[in-house]
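Trainee: I am new to this structure and would like a close look at one part of it. Please start there and then lead me outward.

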Amino acid sequence: MNSKVKGILQVLLVLVLIAAFGIVAYRGIDSAHRGSAKNIRLGLDLQGGVSVTYEATKSNPTAVEMDDTVYKMQKRVEDVSTEAAVYKEGSNRVTIDIPGVSNSAEILKKLGQAGALQFIMNDKLKAKDGSASPKEGEEVTYDKKDVLLDGSMIKTATATTQQSSATGATENVVKIDFNGKGTKTFGKITGDHVNERLAIVYDNKLVSAPEIQSEITDGTAIVSGGFDEFSKAEDMASTLRIGALPLELKNIHDNVVGATLGSEALSSSLLAGIIGFILVILFMIVMYRLPGVAAAIALIFYVGAMLLTLNVLNVTLTLPGIAGIILSVGMAVDANCIIFTRMREEMATGKTVSSAIKNGFSKALSAIIDGNVTTLIAAFVLYLKGSGTVKGFAQTLAIGIILSMFTAIFVTRWLLNAFCAMGLDNTKLYGVQKERKTINFIGNWKKYVIISGAVVVLCLGGLIFNAVTKDGKILNYSLDFVGGTSTSVSIDGNTEITDSLKEEVLTVVKTASGVQGEVSSSDDKGVKKVTVRTTALTEDQKNAVMTQLASKFKVDQSKIESETISASVSNEMQRDAVVATLIATACMLVYIWIRFRKFATGASAVLALVHDVIVVFTVYVVASSFIQVGSTFIACMLTIVGYSINDTIVVFDRIRENKKKATSRTELSAIINKSITETLSRSINTSVTTFIMVFILALLGVSSVRQFAIPLIVGIISGCYSSVCVASPLWYLLTGKGRSEQKAVTYSKKKK
């Protein structure tokens with residue numbers, strides 16, 4: 001087989017795979033349409049889901065007990081969906097909104113009845129009928145003083161398998177991990193009661209009564225026996241996890257809820273994505289010619305693979321998740337830009353197209369790997385340590401990074417080699433790098449300090465201004481952060497709840513209270529409701545809202561409910577996000593330090609990252625009148641962290657390469673200036689492609705989408721600026737050689 005035929009077959013193979021992805025995305029792989037894009041699970045903001053409300057059995061639970069219950073319930077429900085929202089409703093209720101599902105019974109089965117969990121010696125139990133030997137599943141009675149340990153001392157419980165010490169066979173077991181207090185208590189119990197049976201009681205029913213075989217002091221217990229099916233072990237593990245709550249809860253109602261952003265948000269976001277993607281493809285083709293065509297095909301391949309992966313892994317896609325995908329698309333384009341720039345440089349030295357492709361990929365590999373691995377580290381830490389929105393963002397980002405690396409390194413290379421084999425090897429089809437005049441970036445570092453300093457001053461000034469003029473509120477926090485009031489109006493069962501009807505309800509609430517809110521719908525076994533959540537309303541505002549809703553929709557005012565709701569992003573979740581980000585930043589710093597063998601390199605990259613976060617934060621401060629700080633705020637900041645660090649790594653990689661080529665007499669400033677100049681077109685082109693995607697989203701998206709996209713646009717521009725004008729000069733100044741050069745220049749001027 002000659003090379004031309006082989007090249008054609010290679011291109012056809014990629015096109016066939018893309019077509020297969022497209023068919024699966026459109027039709028699915030079976031009659032149930034599994035694998036189709038329509039089957040991707042969407043979050044509450046885009047599609048809706050199930051809402052479950054629990055009530056504490058304790059008459060007057062404290063605020064601390066309720067807050068702790070909300071947080072622990074959030075961690076439990078993440079087993080069902082990372083995008084679930086948990087919040088207080090009133091003083092003694094906990095509501096869980098779970099996206100992407102429609103069967104409330106199925107969700108309740110997975111969550112279990114959130115009741116009371118106790119550990120009691122088996123001989124202290126009696127069956128309800130009075131017998132002294134209750135069986136598993138039977139209701140039991142016991143004296144409260146005999147409770148040795150309760151569910152609040154359990155950290156987590158998981159179903160697993162192990163080899164039986166008696167038979168050697170694999171058996172299903174439940175592993176229980178206790179918290180600090182539980183570890184100490186459980187150690188004493190097992191030490192005092194070896195060879196006795198410890199009963200696990202849940203909702204006054206005997207779950208299990210395993211025998212204590214030895215003292216256990218490491219905080220981990222294994223419950224074995226009786227799990228003939230793995231699902232039974234999973235059910236018990238779920239029971240133990242749900243039982244580990246500060247309060248005993250009972251389910252009072254569950255219902256199906258509609259999307260909080262409405263169908264318009266999803267359709268406009270999809271349209272924006274399609275238009276933005278087409279514009280990115282056209283930009284790549286115009287800028288890079290034939291390699292741009294290869295990149296376009298590879299990006300289409302990436303989108304198909306991404307849709308399929310989201311389906312296979314059953315990922316719930318929300319607005320923050322879309323941010324992760326946008327970032328990964330930008331990084332996929334970035335990898336191609338690095339490769340194509342390298343190819344053009346190789347051809348400028350007289351290399352053939354075939355040789356330029358080989359050398360271009362080889363020289364670009366380290367920058368691609370370092371940039372993607374650094375961001376992947378951040379995604380991994382955020383997934384492990386974060387919760388809710390942060391975990392969902394990290395999941396889609398990690399998937400996107402892995403797929404984008406594969407398409408850039410393998411698919412694009414495969415296509416370029418195929419084009420070359422087909423005889424498309426004229427350098428005019430690829431473009432040759434023109435000679436670039438080195439720009440003196442380092443010489444202007446003081447100007448960059450002034451620009452960045454002005455942003456910091458603007459940020460601080462904005463915070464002070466907001467604090468003085470807005471009753472101490474330095475930012476415009478949304479419901480996600482501060483909670484507020486939930487107002488629900490019952491709708492006649494025969495009336496269809498449409499977007500226009502929800503908009504009418506929202507307008508009435510806004511007119512009566514003067515407060516903007518978010519609207520959703522629900523259906524609780526035929527009882528239809530439209531709910532508007534706003535920031536906290538006064539009693540007068542509540543009464544005005546209820547009166548106008550009753551008048552507008554001709555319903556009895558008793559059918560209108562008004563409840564105080566807590567923030568869905570709890571203090572603990574905010575803490576998790578901050579801790580996760582700090583750990584991720586530290587891990588990135590260490591990785592860069594190891595890869596570049598200088599602490600100054602990692603420190604410079606991290607400081608540039610902090611600079612970009614401050615710039616984006618300034619947008620929220622200055623534009624607080626129309627941009628709120630909500631759950632998407634966290635996703636936006638995390639997106640900028642990933643984008644900024646990747647852009648900086650590419651420039652640093654070129655500096656590292658040029659340092660190796662330079663002589664000992666070459667000044668560091670000259671090396672850095674040369675490196676920035678050589679990577680400048682790549683930095684601009686990558687920023688332009690990502691900017692296009694987000695700009696179209698801001699242009700066509702609904703208000704809530706626009707509030708998310710505008711700060712991202714600023715962050716993209718700042719990321720490009722900081723990698724060139726902040727990170728590299730910082731490296732120069734933090735490096736001893738850079739400081740000595742500065743002293744030499746100062747001394748030379750004084751001498752003159």
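Is Tyr721 buried, partly exposed or exposed, going by its relative accessibility?

Mentor: Tyr721 counts as partly exposed, because its relative accessibility is 21%. Keep in mind that this is a predicted model. The cut-off matters here: buried means under 20% relative accessible area.

Now look at the partner. The structure holds 10 aromatic pairs. In one of them, the ring centres of Tyr448 and Tyr721 are 6.4 Å apart. Their planes stand at 90°, so the pair is edge-to-face. Tyr448 sits in helix H11, residues 445–469. Tyr721 sits in helix H19, residues 703–734. The pair therefore ties together parts that are 273 residues apart in sequence. Tyr448 is buried, with a relative accessible area of 12%. So one ring of this pair belongs to a buried residue, and the other to a partly exposed one.

Stay with the neighbours of Tyr721 in sequence. Cys720 counts as buried, at 15% relative accessibility. Cys725 is buried too, with a relative accessible area of 12%. Do these two cysteines bond? They do not: the sulfur of Cys720 is 8.2 Å from that of Cys725, its closest cysteine sulfur, and that is too far for a bond. Seen from the other side, the closest cysteine sulfur to Cys725 is in Cys720, again too far for a bond. A disulfide would need the sulfur atoms within 2.5 Å. The structure holds zero disulfides.

Back to the rings. Another aromatic pair is Phe178 with Phe186. Their centres are 4.5 Å apart and their planes meet at 25°, so this pair is stacked. Phe178 and Phe186 are both buried. Ring pairs also bring in Phe119, which forms a cluster with Phe178 and Phe186.

A ring can also face a charge. The charged end of Arg656 sits over the ring of Phe596, 4.2 Å from its centre. Phe596 has another link to follow: Asp653 touches it. Asp653 lies in helix H17, residues 631–661. Asp653 is buried, with a relative accessible area of 4%. Its side chain makes a polar contact of 2.8 Å with the side chain of Ser366. Beyond four places in sequence, Asp653 also touches Arg342, Ala367 and Asp370.

Next, the nonpolar interior. The largest nonpolar core has 97 residues. Helix H10, residues 389–421, gives the largest share, 15 residues. Met284, Phe340, Met343, Leu416, Tyr430 and Tyr620 have the most contacts inside this core. Take Phe340 from that list. Leaving out residues up to four places away in sequence, Phe340 touches Met284, Tyr288, Pro291, Gly292, Ala295, Thr412 and Leu416. Another core, of 29 residues, lies apart from the largest one. Its members include Ala378, Ala584, Ile592 and Val651.

Two loops deserve a stop. Most residues other than glycine have a negative phi. Arg289 has a positive phi, near 60°. Arg289 lies in the loop between helix H6 (262–288) and helix H7 (290–312). At 42% relative accessibility, Arg289 counts as partly exposed. Arg597 also has a positive phi, near 60°. Its loop runs between helix H15 (571–596) and helix H16 (599–622). Arg597 is exposed, with a relative accessible area of 76%.

Finish at Lys552. Lys552 is in helix H14, residues 539–552. Lys552 is partly exposed, with a relative accessible area of 44%. Lys552 and Glu504 are 48 residues apart in sequence. In space, their C-alpha atoms are 9.2 Å apart. Lys552 touches Glu504 and also Val508, not counting residues up to four places away in sequence.

Now return to where we began. Tyr721 is partly exposed, and its ring meets that of buried Tyr448 edge-to-face. Cys720 and Cys725 are buried, with their sulfurs too far apart for a bond.

Terms used. Residues numbered from 1 in each chain as written. Predicted model: local features only at pLDDT ≥ 70, side-chain atom pairs only at ≥ 80, totals over all residues. Heavy atoms only, no water. Helix = DSSP H or I, 4+ residues; strand = E, 2+ residues; numbered from the N terminus. Buried < 20%, exposed > 50% of the residue type's maximum accessible area, 1.4 Å probe, protein only. Polar contact = N/O pair within 3.5 Å; in protein donor to acceptor, adjacent residues only side chain to side chain. Contact = heavy atoms within 4.5 Å. Phe/Tyr/Trp six-rings, centres within 6.5 Å; stacked < 30°, edge-to-face > 60°. Lys NZ or Arg CZ within 6 Å of the ring centre and 35° of its normal. Core = buried A, V, L, I, M, F, W, Y, C linked by side-chain atoms within 4.5 Å.
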